[in-house]
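Hi everyone, thanks for making time. Today I'd like to walk you through some side-chain contacts, and we'll take them one group at a time.

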Amino acid sequence: MSTSRVRVYLGCSLDGCVAGPDHDLSFLTEHAPPPDADTGGGLSFEQFLGQVGALLMGRRTYQVLLDYDAWHYGDRPVLVATHHALPPAPKGGKAWAVQGPIEKLVAEAKAAASGRDVYLDGGDLVRQGLDAGLVDELCLTFLPVILGRGIRLWEGLQNRNDLKFEPPTPHGGGMVQVTARVVRRE
């Protein structure tokens, strides 16, 4: 049995949008601190990724990465939930299509992670993972912006999820990072 945790690491607006209208991610880069800025003690993406053995993401998330030429995952396995053929991952990355219920997809990602953590990415898959009780941890970085419209992380969530928060931390550029562990209800 795998000891991999399923973790979410997302930036979002204060009103819970993980993307603007038409999957626009420009607000993320507009508010990102310079690369050499002090993150204020939060978990950086690089630190998080260092704990990850595989990623499971949705097709739209994968396409956005390709559109932005933003491949940050090196040679880690990236499983993309889709019923369609995938364009190849850039920069020597490894990505392949998977399909089925979220439980099967997470099991495949855990197997590919070789005992390391699984990074669950993409609003729809995160909601499915939460609803199925498969997510262990959420690390959300709130940016100092209210979008008003866009793709909301919690929209469509069906089930209650109890959380245990770690103390929030400042995260450079006026951002605040909140990490929460999902508490399993008996």
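Let's start with a term: a residue is called buried when its relative accessible area is under 20%, exposed when it is over 50%, and partly exposed in between. With a relative accessible area of 41%, Lys104 is therefore partly exposed. And please keep in mind that what you see is a predicted model.

So who does Lys104 pair up with in a salt bridge? Its partner is Glu108, and their closest N and O atoms are 2.5 Å apart. Both sit in helix H4, four residues apart, which is about one turn of the helix. Glu108 comes out at 27%, so partly exposed as well.

You can find a similar arrangement in helix H5, where Arg127 and Asp124 are three residues apart, again about one turn. Their side chains form a salt bridge at 3.9 Å, N to O. Here Arg127 is buried at 13%, while Asp124 is partly exposed at 38%.

Next, a salt bridge between Glu166 and Arg181, at 2.6 Å from N to O. This one links distant parts of the chain: Glu166 is in the loop between strands S9 and S10, Arg181 is in strand S11, and they are 15 residues apart. Both belong to a network of salt bridges with shared partners, together with Arg5, Arg7, Asp117 and Glu137. Over the whole structure, the search finds 11 salt bridges.

Now, the rings. A pair of aromatic rings is described by how far apart the centres are and by the angle of the planes. The count here is seven aromatic pairs. Take Phe45 and Tyr119: the centres are 6.2 Å apart and the planes are at 65°, so we call the pair edge-to-face. Phe45 is in helix H2 and Tyr119 in strand S6, 74 residues apart. Phe48 also pairs edge-to-face with Tyr119, at 5.0 Å and 90°. Phe48 is in helix H2, so this pair ties together parts 71 residues apart in sequence. Tyr119 is buried at 3%, and Phe48 is buried at 0%. Ring pairs join these three into a cluster with Tyr9, Tyr62, Trp71 and Tyr73.

Last topic: how many disulfides does the structure hold? Zero. The sulfur of Cys17 has its closest cysteine sulfur in Cys12, 8.4 Å away, so that's too far for a bond. For Cys139 the closest is Cys12 too, at 10 Å, also too far. Cys17 is buried at 0%, and Cys139 is buried at 0%.

Definitions and conventions: Residues numbered from 1 in each chain as written. Predicted model: local features only at pLDDT ≥ 70, side-chain atom pairs only at ≥ 80, totals over all residues. Heavy atoms only, no water. Phe/Tyr/Trp six-rings, centres within 6.5 Å; stacked < 30°, edge-to-face > 60°. Helix = DSSP H or I, 4+ residues; strand = E, 2+ residues; numbered from the N terminus. Buried < 20%, exposed > 50% of the residue type's maximum accessible area, 1.4 Å probe, protein only. Disulfide = S-S within 2.5 Å. Salt bridge = Lys/Arg side-chain N within 4 Å of Asp/Glu carboxyl O.
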